[in-house]
Amino acid sequence: LRNMESQPLAFWTEFISKIKDNNETFILIGDIDLGDELNHDEIGIDFFMDHSFLQQAQHALSKPDQPLEQLYEVDGSIKYFDDQDTVRFTRLSLENKEHPVTRLKIALSYLYLTPGVPFIYYGTEIVQDGGDPPINSPLMNFRTDDELVSFISKLSKMRTTIPALSLGTFEVLHSTDDGFLVGKRSYEGESFIIVINNSTKTQKFTIPSNDFEGEIQLRGLFDDEVIKDQNQNYSIILDREKAEVYQLEQVMGINIPFIIMIIFVPLAMVGFFYVNRKKHQHKE
């Protein structure tokens with residue numbers, strides 16, 4: 001629903017009520033100008049497009065070494081960094097002399113891994129370039145950037161299969177002025193560490209082991225890196241302009257029965273063939 005301020009509040013209240021009466025699962029997304037005082041809870045809108053996030057995201061994510069604190073302080077439901085009314089994120093990255101795919105990966109990681117609903121405007125997946133409207137919204141080109149599509153697919157799968165990434169709380173553990181963010185998302189007893197390095201240098205953050213309950217290890221969901229307790233600390237090191245999600249998982253102890261089985265069974269088989277061979281030799 002675009003330009004909602006063009007109609008009286010009573011109109012939208014009745015309009016939305018009729019739609020919900022017909023299908024209560026129907027999701028309505030509103031698009032209003034900055035500063036509009038419409039209350040989506042009052043009129044039944046499920047989500048509003050967050051224009052304030054758009055402006056902050058385009059500034060903070062189209063180039064490195066920018067702090068991310070300004071983004072998670074923006075309170076909005078739907079987050080995006082490209083739309084029909086603005087210069088493309090790709091164009092901003094190029095103007096900043098940055099590789100657009102690298103910058104898009106950082107921006108997409110923030111959208112999918114922090115609170116709020118990610119919204120991807122068409123063409124982002126093909127690294128669509130474009131200046132001011134209307135050249136920012138050309139006819140759809142179905143050429144895809146395989147690297148970026150694969151990355152978006154992985155983020156989407158994480159978000160849909162891990163409730164903590166869509167419904168969980170968000171606690172900032174560490175944030176720097178040059179864009180290194182470490183956060184913790186938790187939901188129903190399951191926790192994940194979100195790390196986004198928006199800087200141009202490798203960054204390190206150490207978490208004391210007593211911050212976690214039990215004997216755990218951190219497993220990276222992108223690169224499958226495993227971080228174990230070293231001297232009562234977990235040291236997270238992330239390369240420049242990268243993001244990672246670490247799952248907190250229990251350290252498995254030594255499984256004695258399993259080890260005995262994998263050693264005993266082969267030995268038993270060797271013994272069986274040896275005895276069987278001796279019997280045949282004796283008969284001959």
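## Helix α6, the cores and the charged pairs

Helix α6 lies across β6 (180–187), β7 and β12 and runs at about 155° to β7. Here axes are lines fitted to C-alpha atoms, for helices over the stretch in contact, and angles run from 0 to 180 degrees between N-to-C directions. The model is predicted: local features need pLDDT of at least 70, side-chain atom pairs count only at pLDDT 80 or more, and totals for chains, interfaces and linings use all residues. Residues are numbered from 1 along each chain as its sequence is written, and side-chain values use heavy atoms, with hydrogens and water left out.

**Overall make-up**

The chain contains 9 helices and 12 strands. Both are DSSP runs numbered from the N terminus, helices being H or I of at least four residues and strands E of at least two. Of the 284 residues in the chain, 40% are buried. Buried means under 20% relative accessible area, exposed means over 50%, and partly exposed is in between (1.4 Å probe, protein chains only). The accessible surface comes to about 16,300 Å², and 53% of it belongs to carbon and sulfur atoms; areas come from the Shrake-Rupley method with a 1.4 Å probe, and for residues only the protein chains shown count as cover. Among contacts (heavy atoms within 4.5 Å) between residues at least 6 apart in sequence, 63% join residues at least 24 apart.

**Cores**

A nonpolar core is a set of buried Ala, Val, Leu, Ile, Met, Phe, Trp, Tyr and Cys residues joined through side-chain atoms within 4.5 Å. The largest has 33 residues, and L61, L71, F81, L108 and Y110 touch the most other members. Two or more residues each come from α3 (51–61), α6 (100–113), α7 (146–161), α8 (164–167), β7 (190–197) and β12 (242–250). Helix α6 gives the most to this core, with 9 residues. A second, separate core has 15 residues, including F212, I227, Y246 and L248.

In α3, the buried residues are H51, F53, L54, A57, Q58, A60 and L61. Their cover includes α4 (69–72), β3 (78–79), α5 (89–95) and α6. Neighbours within four places in sequence aside, L61 is in contact with L68, L71, F89, R103, I106, A107 and Y110.

**The sheet**

An open sheet of 6 strands has the order β5-β6-β7-β12-β9-β10, with antiparallel pairing. Two strands pair if DSSP finds at least two bridges between them. The edge strands, β5 (169–175) and β10 (226–227), each pair on one side only. Strand β9 (residues 216–220) pairs with β12 in the antiparallel sense over 5 bridges, and Q217 has E249 in β12 as its bridge partner.

**Salt bridges**

The structure holds 9 salt bridges, each defined as a side-chain nitrogen of Lys or Arg within 4 Å of a carboxyl oxygen of Asp or Glu. Three of them are tabulated.

| Acid | Base | N to O distance |
|---|---|---|
| D82 | R88 | 3.6 Å |
| E241 | R103 | 2.7 Å |
| E241 | R240 | 2.7 Å |

D82 counts as buried at 3% relative accessibility, and R88 counts as buried at 0%. E241 lies in the loop between β11 (233–238) and β12, while R103 is in helix α6, so their pair ties together parts that are 138 residues apart in sequence. Both E241 and R103 are buried; the relative accessible area of E241 is 12%. R240 is partly exposed, with a relative accessible area of 41%. Through shared partners, salt bridges join R103, R240 and E241 into one network.

**Backbone features in loops**

The peptide bond from P133 to P134 is cis, with omega near 10°. P134 is in the loop between β4 (117–118) and α7. K97 is not a glycine, yet has a positive phi of about 60°; K97 lies in the loop between α5 and α6 and counts as exposed at 75% relative accessibility. D224, also not a glycine, has a positive phi of about 60° and is found in the loop between β9 and β10.
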